[in-house]
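The following paragraphs lead the reader through one protein model, from its overall build to the surroundings of its ligand. Please keep the structure in view while reading.

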Amino acid sequence: MRFTLTGNGAARGMALGRARLEQPSRYLIDERPLAAAEVESELERLTRALVLARAELAALREKLTGVFAHEVGEFIDAHSLILADRELNAGLADLIKVGRYRASAALKMQRDRLVAVFEAMDDPYLRSRKEDIDHVIGRVQAALVRESSVEERKLAARVGEILVGDTVAPSELVPLAEHGVLGVVLTSGSPLSHSAILARSLRLPMIVAAHDALAHIQDDDLILIDGERGEVTVHPTAQDIARYRAWQRDVVQRGKRLALLRDVETRTRDGTTIQLYANAELPADIAQARASGAAGVGLYRTEFLFLQRKEIPSEEEQFLAYRDLVLGMGGLPVTIRTLDLGADKADATGIVLDDEDNPALGVRGVRLSLRRPQLLILQLRAILRASNYGPVRILVPMVSTIEEMAGVRYLLDQAARDLRAAGHEIAEHIELGAMIEVPAAAIALPGMIRKLDFIAIGTNDLVQYTLAVDRNNDHLANLYDPLHPAVLRLLAFTIATARRAGRHVTLCGEMAGDVRYTCLLLALGLTEFSMHPGLLLDGWEQGNACDRGRLLAESKTLLRAVTREGILHALKRLEACAEKPADGAAAPA
Ligand code: PEP
Ligand code: MG
């Protein structure tokens, strides 16, 4: 029976696929005792599920080739052995026959017993094998609850999987995407988390805070997810699937329109040029940024180079990555941000402290870089070497004092001297800017701005730190409000301070790519936006529709407003300064 669940859309796009539940322990366990007459049929159900689980493992084993065949093959063999274990099977049958447990409850009992045995072992390796038990029993549970119709399974067999779980770490997302996962549904999380930001780069539709997903979706259910609406449709109908097909056609159409805009400037109706830059994490973002005519890269998050691995990337490896980024942008400016590890961007390299009570307020961004100067020097050298291949600027995250910037500047000058002395060609001058994402930096900006070459406002963090609301906590989503008067005033103040000092100011938080805020940001004086490249077309259309002169004049009403109602009213007046083109007329011929 079709039903829908809602959450928050975190990465746009739709995906149709089989649900793969991440937590097999959450399978619904039927605790009702069996009647004598049901014992036989329950034993048959269990046997069918065991046969299916074994067949799945055998099929998986067959598919393995190359480097995976050996390593992963061993795991699968171990799982097959557990499944074939006589004692396990006899124990399950006894629980059903004698204990009158239903198959799912019997599986859970066996799982709990075996896990207890492994947990009592001294040997840490053997202790960790309890995970194998979880995987194996989870697979049988999944086979047991698979009740989808034959047609549905036929369709599902042709499409990939959609991960349904509680949380997913940024470092887990790339391998998931590489293994063909089509989308992600999470019961918690927020669209501002780094996992969500990365999902957008991976073009992996994602829904977060779908609280009921694990309780209502079963393994192998066919689901359709809509990352824009934040909607999961379980057992979609033909009509739903037609909507999905229409969306696929629309993607192609948008691609064509975008191609037309490549070389067309973004200019407000009254003639102000707006710069639309791209945020990038992955090579695919660079290709899309170029294809959609971005003015450059406004934010390159280097931490994603560090997330997939156990060792710190060498200077040479970082240099090659930055050089390819610069070359990929073909002479357009590229802003490379120094490492912003910490908080929810923990890595496997062991750089990040893992015993902090408050990681978001802890050793993150520049604080980490300055405690590990060798690491920062390595990165600065790699960026400086890349600066020989095209215009590069360096951006420093999580700045709260001018001394931090002085520390980075000192190491940057030293790295430049060393490189030149060793005969490297590097840019003559490289701009150094600060992310304004800690309220202290925004408030103290008048005293700092002359020492900075440019600034970039990181609203994702600025909002969280101004309002004391964790950007990743979906329970506080209603309080995470970019329209809070304190945020609006800080934004206006920061933009005005930079402009008065003749410094470029970009806004590179998620707000920049959200068309609901384009008029507002223009009204606050912003002209440089940096957003996910997939949003550039929307930004272009919205920017061109606005009358900036009128917006600037209206900004006073906005900044005077103190209540939510007053702000929404002011926003409406701002939106009236944007004249939407008729549908399809936005692209120039
Ligand atoms: C921000 O904080 O707005 C930002 C762009 O940086 P990140 O999302 O990587 O913290
Ligand atoms: Mg930030």
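Helices and strands are here taken as DSSP runs, with at least four residues for a helix and at least two for a strand, and they are numbered from the N terminus. By this definition, the protein chain of this predicted model contains 24 helices and 17 strands. The chain has 589 residues and a radius of gyration of 27 Å, close to the 25 Å given by the globule rule, so it is as compact as a globular protein of that length. Its C-alpha trace spans about 85 × 60 × 45 Å along the principal axes.

Attention may now turn to the ligand. The space taken by ligand 1 is the largest cavity. Which residues come closest to ligand 1? Of the 17 residues that surround ligand 1, the closest are Arg301, Arg337, Gly458, Asn460 and Arg471. Sorted by class, this shell comprises 8 charged, 5 polar and 4 nonpolar residues.

Several elements of the fold contribute to the shell. Helix H9 (194-201), strand S11 (297-301) and helix H19 (459-467) each supply at least two of its residues. Helix H19 gives the most, with 3 residues.

Individual atoms complete the picture. A polar backbone atom of Asn460 is 2.8 Å from an oxygen atom of ligand 1. For Asp461, an N or O atom of the side chain lies 2.9 Å from an oxygen atom of the ligand. At Gly458, a backbone N or O atom is 3.4 Å from a ligand oxygen atom. Taken on its own, ligand 1 has 290 Å² of accessible area, and the protein covers 100% of this area.

Terms used:
Residues numbered from 1 in each chain as written. Chains lettered and ligands numbered in written order. Predicted model: local features only at pLDDT ≥ 70, side-chain atom pairs only at ≥ 80, totals over all residues. Heavy atoms only, no water. Near = heavy atom within 4 Å. Polar contact = N/O pair within 3.5 Å; in protein donor to acceptor, adjacent residues only side chain to side chain. Areas by Shrake-Rupley, 256 points an atom, 1.4 Å probe, with all protein chains shown as cover. 1 Å grid on protein atoms, 1.4 Å probe; cavity = no way out; pocket = protein on both sides within 12 Å on 5 of 7 lines; lining within 4 Å. Sits in = over half its atoms within 2 Å of the grid points. Nonpolar A, V, L, I, M, F, W, Y, C, P; charged D, E, K, R; others polar. Rg over C-alpha atoms; globule rule 2.2 N^0.38 Å.
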